[in-house]
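Subject: Structure handover

Hello,

Here is the structure we discussed. Please load it first, then read the notes below.

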Amino acid sequence: MYEVVVVGGGPVGACLGALLARGAGGARPLPVAVLEPQPPAAPAADAPLEARVVALSRASERLLAAAGAWSAMAGARVCPYERMRIWHEGIAPDSDGVLTFDAAEVGEPNLGYIVENRLLQAALLAALVQAGGHVERAALTGLQIGAAGVTVRTTAGELSARLVVGADGARSALREHAGLGADTRGYGQTAIVATVATARPHRSTAWQRFMRDGTLAFLPLADGSCSIVWSADEALAARLAALEPAAFAAELDRASDLALGATRLVSARASFPLTRLAARHYVAERVALVGDAAHVVHPLAGQGVNLGLLDAAALAQQVGEGVARGEDPGALAVLRAYERWRKSEVALMSTAIDAFDSLLAHGAGPVAQLARRGLGWVNRAPELQRLFIRRALGVSGELPRAAR
Ligand SMILES: Cc1cc2nc3c(=O)[nH]c(=O)nc-3n(C[C@H](O)[C@H](O)[C@H](O)COP(=O)(O)OP(=O)(O)OC[C@H]3O[C@@H](n4cnc5c(N)ncnc54)[C@H](O)[C@@H]3O)c2cc1C
């Protein structure tokens with residue numbers, strides 16, 4: 001019998017498993033299994049960089065170190081970014097009104113790192129195994145919750161545990177089986193992701209332009225190219241996805257206002273329809289949800305994985321402390337403390353992200369005008385600028401110990 005079975009070995013589930021298996025939550029190392037039907041291999045050192053990347057905050061870097069995964073990831077494929085430049089289509093990309101955050105302003109070497117999804121997931125699964133955790137190559141098929149434990153049915157047989165955690169993404173089967181429910185709302189937008197070469201160097205900077213019909217980000221990659229995330233209204237996204245590569249690059253040049261010079265596609269394009277999701281409950285007796293299984297936010301602020309990793313650390317801490325007090329890790333009292341902590345932090349962040357989307361990318365009228373001008377004003381208010389930089393670093397709010 002395991003103490004904890006985690007359903008889903010994406011970045012969040014793998015991180016939770018590794019933290020628990022190492023005893024990083026504050027308790028002894030716990031017997032843990034992670035169910036993952038498709039565990040990826042780490043990309044080969046000389047393989048081209050993949051288009052699906054995430055921006056990791058300083059808090060996430062610390063968590064990954066606590067989980068034993070950071071040292072295997074940090075290297076030639078990971079790109080630190082030192083600055084962010086954010087502007088609205090109403091102004092030129094080199095004007096003074098561009099909101100600029102510079103790590104040097106707060107004495108930090110960088111604001112975070114751009115990392116391939118696959119590298120992140122593979123490093124965390126390897127750290128889990130190294131810490132004595134087990135990866136079960138199987139999918140969840142059913143669940144039976146009893147007084148003393150939970151039986152997890154999988155495509156490879158049954159596992160029993162005292163706590164089962166759903167880290168199985170936005171379409172979480174565990175959330176459905178446990179009847180935790182979720183509210184969802186489509187944004188009416190699709191994100192197009194691709195790797196592009198740019199005529200001018202990215203200068204270790206993340207670039208983001210807000211437009212009336214969406215948001216365009218250029219994330220700097222270690223080989224000098226950029227990963228773009230272009231969140232566009234559905235009709236525009238469908239048209240962009242259907243264009244020939246050269247015609248797409250011409251549209252991209254228009255949308256970026258040539259902030260990085262002319263662009264050229266160097267990967268295929270992938271499309272992700274964007275939906276907001278909030279689970280009604282994060283926990284029930286012997287069940288908890290983390291990561292996208294609990295909440296999905298708009299990618300414009302690059303916060304999805306960062307929020308999920310904080311869920312993993314908060315839950316590992318509550319479970320670890322509960323076990324150290326001699327409590328059952330699946331007891332509702334232990335899990336409720338996790339839910340109260342993370343649900344309010346996530347609600348704050350998703351409301352802020354949606355305000356950015358509706359005011360800066362889609363808004364009209366006086367309030368939206370004010371918000372757009374506000375981007376430039378923040379530049380002239382050093383205190384406010386430092387506050388935003390701390391938010392970007394992920395080091396504000398109530399942090400789990402492993403992220404401090
Ligand atoms: C275009 C785009 C750009 C993004 N950019 C960023 C960014 O810059 N920064 C950031 O922090 N976030 C970003 N995100 C969000 C981020 O990708 C997600 O928040 C993150 O992948 C969630 O991780 P997870 O481990 O919770 O879920 P997932 O990554 O969805 O992993 C779920 C895992 O569960 C497994 N699974 C599914 N069903 C079952 C089952 N029945 N049984 C067992 N296992 C199962 C799957 O195989 C998968 O491995 C972006 C998202 C999009 C769409």
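At what angle do helix α2 (residues 58–66) and α8 pack, and how far apart are their axes? The angle is about 45°, and the axes are 10 Å apart. That makes α2 oblique to α8, because the angle is neither under 35 degrees nor in the range 65 to 115. The crossing of α2 and α8 is left-handed. From α2, the contact uses A59, S60 and L63. From α8, N306, L309, L310 and A313 take part. By class, this contact has five nonpolar and two polar residues, with no charged ones.

One caution before the rest: this is a predicted model.

Second helix pair. α1 and α4 pack at about 25°, with their axes 8 Å apart. The angle is under 35 degrees, so α1 is roughly parallel to α4. Here too the crossing is left-handed. α1 brings P11, A14, C15, G17, A18 and A21 to the contact. α4 answers with L120, Q121, L124, L125, A127 and L128. The contact of α1 with α4 divides into 10 nonpolar residues, two polar and no charged.

Now the sheet. Three strands form an open sheet in the order β3-β7-β4, and the pairing is antiparallel. β3 and β4 (79–81) are the edge strands, each pairing on one side only. From one strand to the next, the twist averages 25°. Helix α4 (residues 117–130) packs on this sheet and touches β3 and β7. Its direction makes about 90° with that of β7. Between β4 and strand β7 (residues 112–116), the antiparallel pairing runs over three bridges. Y81 stands opposite G112 in β7.

Last, the ligand. Its surroundings comprise 32 residues. The closest are G8, G10, G169, G291 and G304. Which elements each supply at least two residues of the shell? They are α1 (11–22), β3 (53–56), β12 (182–198) and α8 (304–324). α8 gives the most, with four residues. By class, the shell has 17 nonpolar, 12 polar and three charged residues.

Some elements turn up twice in these notes. α8 packs with α2 and also supplies residues to the ligand shell. α1 packs with α4 and is another supplier of the shell. β3 is an edge strand of the sheet and also lends residues to the shell.

Best wishes

Conventions. Residues numbered from 1 in each chain as written. Predicted model: local features only at pLDDT ≥ 70, side-chain atom pairs only at ≥ 80, totals over all residues. Near = placed C-beta within 6 Å. Nonpolar A, V, L, I, M, F, W, Y, C, P; charged D, E, K, R; others polar. Pairing = 2+ DSSP bridges. Axes fitted to C-alpha atoms, helices over the stretch in contact; angles between N-to-C directions. Contact = placed C-beta atoms within 7 Å. Parallel < 35°, antiparallel > 145°, perpendicular 65-115°, else oblique. Left-handed = near helix turned anticlockwise from the far one by under 90°.
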